[in-house]
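Please find below a short note on the model, set out as numbered points. The remarks concern helix packing and the sheet.

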Amino acid sequence: MSDANFIPTVTQESLYPELSERSPVTTFRQEAIARIRNSLRPGQQQMADWYAGPLAVSAVPGAGKSTGMAAAAAIAIARQYEHAAQSRQASRRQLVVVTFTRSAAANIKAKIRKYLRDDLSLPQTGFVVYTLHGLALNIASRHPDLSGLQLENVTLITLNQSHRFIRTAVEHWISKNQSTYLRLLEGSQFDGEETERLRRQSVLRTEVLPDLATTVIHEAKSSGLSPDDLRNWSQQTTDPYTILNVAAGLYAEYENLMRSRDFIDYDDMILAALRVLDNDSARRIEQNQVFAVFEDEAQDSSPLQTKLLEILASDVGDKGDNFSPSTQQSPINLVRVGDPNQAINSTFTPADPIYFRQFCEECDRLRKLATMDRAGRSTRIIIAAANFTLEWINSFYGVKMQQSSHDSIASLPFRPQRISPVDTGDPQQDANPVPVGLGLELYTPRDIHHTVELLSKRVIDLFAEDPSKVSAAVLVRENRQGRWLAEALEPICKEHKITLYDVGERDRRSQIPQEILALLQFCDRPHSPDYLKAALEVMVERQLIPTQDLNALASLPEEFLYPGPLTAPQSETVQKSSHLCRSLLRARLELPIYQLIPFLALVLSYDQAELATADKLAERVNQQTAGNSSMGSMLSALSEIVSSERFEAVETEDLEARYTRTGQLTIITMHKAKGLDWDYVFLPFLHENLIPGRFWVPPQSQFLGDFTLSEVARAQVRAALHNQSRIPEVHQAWEIAKHLKTAEEYRLLYVAMTRAKRLLWMSAAQKAPFTWSKPENLQEQAPCPVFPALKRQFPNSVISLETAVKSGS
């Protein structure tokens with residue numbers, strides 16, 4: 001897969017001989033194209049040299065994917081203009097550029113327009129930029145009779161509405177499949193005790209089956225699978241729960257609900273577009289409007305999305321290379337750009353990096369694989385640390401794979417691809433910048449409190465000179481770490497006038513309507529197990545009560561809320577939870593309706609911005625219920641707000657470039673940090689129980705076995721989609737799921753490390769919480785396995801505690 005195998009594309013003159021006699025305008029354009037090309041790095045130049053056929057571009061972090069794609073797109077558009085001018089025919093064909101998010105679409109559109117306007121003196125037309133779902137909706141809406149999508153009659157389902165539909169689908173499935181449900185209830189063993197039966201019912205109805213439905217519905221729909229496909233696959237397995245058959249039933253119930261209410265989801269858009277493209281006439285119409293398709297973030301594509309782009313990019317008259325992916329037999333003008341090593345969504349979304357890997361392998365066989373391996377973002381020692389991490393993990397897990405008896409565990413976590421610094425004279429300003437301090441600093445604090453001490457001292461030092469020129473971020477694995485860290489750092493940052501921006505705080509504000517609704521629904525119907533559990537979940541999330549088995553509490557609401565003399569004594573934890581719930585019910589009786597939302601906001605210990613958001617919410621609800629002030633009308637108004645997802649939290653800061661603004665320390669999760677970068681990046685709490693972590697079966701669902709139904713089903717579906725010889729049984733599927741999870745966690749660490757430009761600060765404390773829902777309970781924790789390896793490889797970057805104390809004094 002090296003650049004040595006890459007065949008430079010043929011010249012434009014050989015494709016279009018009539019261009020050999022160039023006009024002055026053509027000469028000017030060719031010179032402008034040459035200038036753009038010469039300003040690019042080698043990997044970007046390979047993209048700019050594309051004329052026709054397939055091209056896979058595997059790009060490392062910081063390689064300038066968007067710049068390279070924008071330049072290649074502008075050059076391709078210019079060549080299309082020239083071809084049309086020479087043939088004296090106006091071209092109706094456009095370049096279709098597909099990106100992952102709307103913000104990325106706006107960014108690349110602006111870059112392409114700039115190249116066309118400033119460098120090529122061309123109209124800023126000849127291309128369109130879409131998200132994948134925007135492209136699908138555009139095709140489907142132009143052919144409503146073929147797509148079956150009448151936009152005036154359907155509604156795009158929101159996340160909250162989807163959750164409600166799934167819960168309803170679960171109830172419908174249970175009522176129609178009592179024998180299978182009772183088999184699940186029995187689990188691996190059951191003594192028939194009534195309290196345990198009620199607890200298991202709560203677990204199945206509110207956790208296990210909704211999780212199974214959510215996972216499999218998205219996996220199946222995004223792959224074009226029907227419930228019948230899942231039922232057929234289920235017959236190839238022997239598990240006692242018939243997991244895929246259960247999933248098929250839930251999927252069918254969900255689809256029936258969607259159709260009966262005229263709702264569609266994002267996968268329905270893709271399916272509708274594919275129905276259009278199944279028609280020969282419509283397919284030719286759509287293909288005749290496109291001369292090529294460029295796709296960004298290709299590692300995050302699902303099977304249906306890949307199929308849509310391949311059909312649209314199929315040859316419709318232009319000369320191109322023969323290419324035969326599984327869905328096509330005709331030439332295909334498709335450029336796919338991505339980084340398999342930054343695939344960090346595949347264990348909780350239908351995105352599956354295997355399809356981009358397969359595309360890269362097919363293009364490599366055709367010698368049409370380009371690599372963008374030069375990156376100017378990070379200083380050299382950070383690049384070296386990232387490369388070492390990738391290679392060490394592949395080596396470590398390569399040995400484990402050889403020892404594994406599971407044939408399905410067949411891929412390493414990373415595609416072998418090193419990051420290289422840019423060449424001398426690279427056009428990027430301050431490429432591979434000079435490191436600050438050692439560039440890479442590795443710490444082993446005594447505990448998480450010592451971590452805060454060391455981290456804050458380094459931050460104060462870095463912000464001392466000119467904060468307006470500094471961008472810094474702390475990347476955490478989960479939101480609870482970020483919340484704890486923000487509380488610990490806030491007084492220190494305030495004392496030293498350093499702006500602290502906790503991204504998770506804004507996300508929590510967006511959950512306020514849902515939290516208030518959950519508590520009010522409990523106040524209205526306190527004897528509902530579902531409403532009681534939902535209220536308790538909010539309290540746990542807001543750290544008002546300790547984490548505990550909520551199903552046991554919610555299964556018998558009366559005993560929990562008002563224990564009688566014959567009730568078993570409650571533990572201190574349960575007593576605290578019960579007391580808080582009773583205080584809510586007392587407030588419901590004593591306070592006027594319009595004061596309930598502000599009261600609940602105080603109970604939940606909202607901060608200033610959250611209280612402002614709750615006040616805004618209360619004002620909105622009061623306006624909607626004016627003249628009909630009752631609990632029922634309030635719940636109705638709140639339910640509408642939550643289901644429509646149109647309530648905006650009160651923002652106390654400017655949102656533009658909010659995460660990477662200079663002069664502030666940002667606390668953000670590793671997932672949200674993808675695509676961003678900062679001068680200084682801090683990675684604390686690098687422990688093995690989180691990275692790579694392990695699949696953890698919640699205690700409340702362990703009666704089913706030492707696995708989760710949803711992850712087993714995901715592994716089985718993907719095995720079938722990958723055309724494996726047989727669908728793995730439950731325990732093998734669970735092992736595959738664990739391997740995929742481990743690989744993705746290591747890719748997440750790699751993404752986090754490559755966000756840093758000048759300084760990468762990493763630490764693994766000797767003592768840390770087992771779970772961050774109880775950060776006060778410290779115990780010895782093993783570091784992430786790659787962390788000791790980094791310390792051995794980069795001994796000069798290891799900061800002793802004595803050195804850290806001296807430098808901070």
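**Helix packing and sheet**

1. Helix 4 and helix 5 are oblique to each other, a class left over once angles under 35 degrees (roughly parallel), over 145 (roughly antiparallel) and 65 to 115 (roughly perpendicular) are set aside. Their axes cross at roughly 45 degrees and come within 9 Å, helix 4 covering residues 65-86 and helix 5 residues 102-119. Axes are lines fitted to C-alpha atoms, for helices over the stretch in contact, with angles from 0 to 180 degrees between N-to-C directions. Helices (H or I, at least four residues) and strands (E, at least two) are DSSP runs numbered from the N terminus.

2. This is a predicted model, in which local features need pLDDT of at least 70, side-chain atom pairs count only at pLDDT 80 or more, and totals for chains, interfaces and linings use all residues. Residues are numbered from 1 along each chain as its sequence is written, and side-chain values use heavy atoms, leaving out hydrogens and water.

3. Contact here means heavy atoms within 4.5 Å. Helix 4 contributes S66, T67, M69, A70, A71, A73, A74 and I77 to the contact, and helix 5 contributes N107, I108, K111, I112, Y115 and L116.

4. An open sheet is formed by six strands in the order 3-2-6-7-1-8, with parallel pairing; two strands pair if DSSP finds at least two bridges between them. Strand 3 (127-131) and strand 8 (369-372) are the edge strands.

5. Strand 2 (residues 94-99) and strand 6 (residues 290-295) run parallel and are joined by five bridges. V98 has E295 of strand 6 as its bridge partner.
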